[in-house]
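Please load the model in your viewer, colour the chain by secondary structure, and keep the selection panel open. The tour below goes from one selection to the next and says what is found at each stop.

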Amino acid sequence: MTGGSPEYHSELLDPVVLSRAEHGISREGISDNALKVLYRLNSAGFDAYLVGGCVRDLMMGLHPKDFDVVTNATPDEVKGLFKNCRLIGRRFRLAHIVFGREIIEVATFRGHHQSATTKQNEKAKETLGKQSQEGQILRDNVFGTIEEDAERRDFTVNAMYYRVTDFTVTDFARGMQAIKDKRLALIGDPETRYREDPVRMLRAVRFAAKLNMRISDESADAIHHLNSLLSNIPPARLFEEVIKLFISGQGLETYKLMLEFGLIQPLFPQLAPLLVDPNSRESKFIEQVLINTDNRINTGQRVTPAFLYAAFLWYPIEEHCQKLMDEAGLIQFDAYNIAMNDVLHRQIQRIMIPKRFSSMMRDIWQLQLRLPKRFGRRAYQLLEHPKFRAAYDFLLIRGQIEGGSLLELADWWTEFQEADVEQRKAMLIKLREEEGGQTKRPRKRRSKKRPKPQQ
Ligand code: ATP
Ligand code: MG
């Protein structure tokens, strides 16, 4: 694979204008708020288009999850037109128009960093666009024309622009044909495009799984030797991107592609070595977690990133805990707490995990140690724990994968939750008869000191 030139050639793109009959998108599929934004920009004399995933999804008969608008108005000009507008982003400055829970993102056409537009002079340009030595784009606020904007989009299926004034779609990179061929290909030279933004490698597997497309050979090959560049991405940006990979409803498929392309290693370096054997319990556990997550999403249930991250780090914690016990002679409780901290600390060097999620992850992990201890009031206290349900779901998957006493424990909890008051009492008595004598000696001694009243 050649290095590729950072210059784009205009012959790269060959725009085709598709009429409504050809592209089949009707205004009914478009959010009213997105239409409002387009009309307002148009009536103020600006060009405005829907672009990217929403146009692609509408053409494929899917429901877009959000609507992105692109315009020749600058962010400040956009702000002047909408009361409900806030400007966001440093790396990529854009406007958010807020309609209650729906946000319409309005970006200004991006240009090449070599070119200046009439609105931006040469000096300003340097502070607007910035590229690292590896070719990574660090700042992307150079404005340009629609053609330049199209060349800078990632995949050919993402460079289609819908205009509400004449209902046309301008397809810059033969995206419609790519949809027909189920072919996902980057615009331009793959190596250059991945170097500019390594996150595009994650987007490639995500779209391939979500859209049921095959990544073109050239776009696929480059990933194999550039995957390590993902470790240069700021952890805060990766949090969002990684979650999108696994909550698309096609998480398992996406994960399999990530394994194939070596994308787990730069993101989850502690987990990756445990997944080399596809039949290992670690591999099976992650697959089962993703199957469950996909099922939940596809049946409209909520999922939390905390559960996924807790799962991704579970076996690294177990392994590290075992090591601390063997090598440093720590007792399980201490080793476990240190392992949780160490593993989490290493992970957030790669992917930032907000506190609200990491504290839930800790709850899920800590409850795994507490769930086997069910004597006396403990079982009832555990049921009341705010994160009991997540911890129980977690235990259930562990039980399914590991079997044996873990499966028995998970089944016990299933039964206990469904049982009535009397049945619960009976379960606890039975448990004490079966296990109590062997495990809890001190308790026995104490009960001798305080003899139960005679019945
Ligand atoms: P979805 O919303 O379904 O995840 P999308 O294609 O809309 O998919 P967004 O992240 O919403 O993805 O981005 C909107 C559009 O912006 C994309 O379709 C693409 O044209 C462009 N884009 C987004 N991220 C990049 C990137 N890293 N490099 C180049 N273009 C990008
Ligand atoms: Mg989108």
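A residue counts as buried when its relative accessible area is under 20%, as exposed when that area is over 50%, and as partly exposed in between. Please keep in mind throughout that this is a predicted model.

**The whole chain**

Begin with everything selected: the chain holds 22 helices and 12 strands, and 50% of its 455 residues count as buried. The chain exposes about 23,200 Å², of which carbon and sulfur atoms supply 50%. If you draw the contacts between residues at least 6 apart in sequence, 68% of them turn out to join residues at least 24 apart.

**The sheet**

Next, show the strands S1-S10-S9-S2-S3-S6-S5-S4, which in this order form an open sheet of 8 strands with mixed pairing. Strand S1 (16–18) and strand S4 (85–88) stand at the edges; each has a single partner strand, so one side of each is left without a neighbour in the sheet. On average, and with direction ignored, neighbouring strands of this sheet are turned by 30° against each other.

Within the sheet, select residues 68–71 and 102–108, that is, strand S3 and strand S6, which pair in the parallel sense over 4 bridges. Val69 can be picked out here, since it stands opposite Val106 in S6.

**Two residues with positive phi**

Most residues other than glycine have a negative phi. With that in mind, select Phe167, which is not a glycine and yet has a positive phi of about 60°; its place is in the loop between strand S9 (160–163) and strand S10 (168–171). Phe167 is buried, with a relative accessible area of 18%.

Then move to Arg174, another residue other than glycine with a positive phi, here near 55°, which is placed in the loop between S10 and helix H7 (175–181). Is Arg174 buried, exposed or partly exposed? With a relative accessible area of 43%, Arg174 is partly exposed, because this value falls between the cut-offs of 20% and 50%.

**Arg200**

Select Arg200, which lies in helix H9 (residues 199–211) and is buried, with a relative accessible area of 8%. Which residues is Arg200 in contact with, leaving aside its neighbours within four places in sequence? These are Arg152, Asp154, Phe155, Leu186, Arg193 and Tyr194, and it is worth showing their side chains together with that of Arg200.

**Helix H14 and its two partners**

Now select residues 281–298 and 305–328, helix H14 and helix H15, which pack at an angle of about 170° with their axes 10 Å apart. That angle makes H14 roughly antiparallel to H15. On the H14 side, the contact is made by Arg281, Glu282, Phe285, Ile286, Val289, Leu290 and Thr293, and on the H15 side by Phe307, Leu308, Ala311, Phe312, Trp314, Tyr315 and Glu318. The residues of this contact of H14 with H15 divide into 10 nonpolar, 1 polar and 3 charged.

Keep H14 in view and add helix H12 (residues 251–260), whose axis comes within 8 Å of that of H14 and crosses it at roughly 145°. Here Gly251, Leu252, Tyr255 and Lys256 in H12 meet Ile286, Glu287, Leu290, Ile291 and Asp294 in H14. The contact of H12 with H14 divides into 5 nonpolar, 1 polar and 3 charged residues. As a last selection, pick Ile286 and Leu290, which are named in the contact of H14 with H15 and also in that of H14 with H12.

Key:
Residues are numbered from 1 along each chain as its sequence is written. Chains are lettered from A and ligands numbered from 1 in the order in which they are written. This is a predicted model: local features need pLDDT of at least 70, side-chain atom pairs count only at pLDDT 80 or more; totals for chains, interfaces and linings use all residues. Side-chain values use heavy atoms; hydrogens and water are left out. Buried means under 20% relative accessible area, exposed over 50%, partly exposed in between (1.4 Å probe, protein chains only). Contact means heavy atoms within 4.5 Å. Accessible areas come from the Shrake-Rupley method with a 1.4 Å probe; for residues, only the protein chains shown count as cover. Axes are lines fitted to C-alpha atoms, for helices over the stretch in contact, and angles run from 0 to 180 degrees between N-to-C directions. Angles under 35 degrees count as roughly parallel, over 145 as roughly antiparallel, 65 to 115 as roughly perpendicular and the rest as oblique. Ala, Val, Leu, Ile, Met, Phe, Trp, Tyr, Cys and Pro count as nonpolar, Asp, Glu, Lys and Arg as charged, and the others, Gly among them, as polar. Two strands pair if DSSP finds at least two bridges between them.
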